[in-house]
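Let's take a friendly walk through this structure, starting at one residue and moving on to the cores and the surface.

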Amino acid sequence: MLNVNSFVNALEPLDFLEEWGMTFGVWFAFPTGARFVIEDSYNYTHCNMKLPQGCIFLLLVLHACAFEVTYNITEESKSGLLVGNVAADAGLPDVNSLTFSLFQAGYPAAKSFSITEFQGELYTNATIDRDTICEFQDQCVLNLVAVAITEARDFYKIKIYVNVIDINDNSPIFPKSAVSLQISEDTTINFSYSLEGAVDLDTGINSVERYVIPSHDSPFQAEADKFPDGRSMLKLILKQTLDRETHPTYLVQVVAYDGGSPPKTGSMTVNVTIGDINDNYPIFSKSSYNVTIMDDLPVNSVVVLSLIHISEPTRP
């Protein structure tokens, strides 16, 4: 008996399968010097094939027609999910006499699906993880091809497009939980520092949307610089003047939010050290000093002790 699935997968790479609506005569001449002949109204082709011994002549006539059907499923769909009835949804005639199978060769997604032989119902047979098969892609469409053959040898090809819809199943994750940054205290307002942003395996609205610094007294503001592939860069923008003498360090917590509802978050701490510049003058505690000393004061004795304050910047 001819195995339909094996036969179709053997024929699928051949060009004539794209010439739908035509009647083909397919001849196999076995067992020695095997000769494989495809005949249609346009051409006549001969090619040699290595085939099993002990075969006989076979004539098979097919009438081929093409159909298309599109389905939507959410990612993380479990094995055994009914995607749809291919026969009914494609509008195939003679649905009660059809035998169905899926092309395997050239369609890697086919291993995650199965189709019932006589009903044409398409099922998942594995968990569909969109973030793995379509990483950082806005659209995730799996291409399948099913074939249906009637008792009268009518041959139907059904192109199946399965759109895998993203769900917000991942949180933004920073590459490091804490980083260090040194900034000079004379840095100008609105100067920005670029840091590696959080990564969210989800796409579209479920990817990283914004960065927030929860502290209201922080001199910094966080913004997201997004890229088309879903990654983002964290920009730390200075919004106030810095003074190392009054505030030498900052612990800045940055929170990444994705666009899900409710949003998922991830956080990172930025340890900011303010670098010193020469922006202060030495200051005596008094402008003048009156001191009385004894005439026998030893050499190298301290005559005046003055405190010099440099904690506050002073201009002449």
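Setting aside neighbours within four places in sequence, Thr-203 is in contact (heavy atoms within 4.5 Å) with Arg-130, Phe-136, Gln-137, Asp-138 and Asp-166. With Arg-130 there is also a side-chain polar contact of 2.9 Å; such a contact is a pair of N or O atoms within 3.5 Å, one able to donate a hydrogen and the other to accept it. Thr-203 sits in the loop between β12 (192-196) and β13 (208-212), strands being DSSP runs of E with at least two residues and helices runs of H or I with at least four.

This is a predicted model, where local features need pLDDT of at least 70 and side-chain atom pairs pLDDT 80 or more, while totals for chains, interfaces and linings use all residues. Residues are numbered from 1 along each chain, and side-chain values use heavy atoms, without hydrogens and water.

How do two residues compare in accessibility? Buried means under 20% relative accessible area, exposed over 50%, and partly exposed in between (1.4 Å probe, protein chains only).

| Residue | Relative accessible area | Class |
|---|---|---|
| Thr-203 | 8% | buried |
| Val-291 | 39% | partly exposed |

Now to the interior. The largest nonpolar core (buried Ala, Val, Leu, Ile, Met, Phe, Trp, Tyr and Cys joined through side-chain atoms within 4.5 Å) has 31 residues, and Leu-122 is among those with the most contacts inside it. Elements giving two or more residues to this core include β4 (58-74) and α2 (86-90). Apart from it lies another core, of 24 residues, including Val-208 and Tyr-250.
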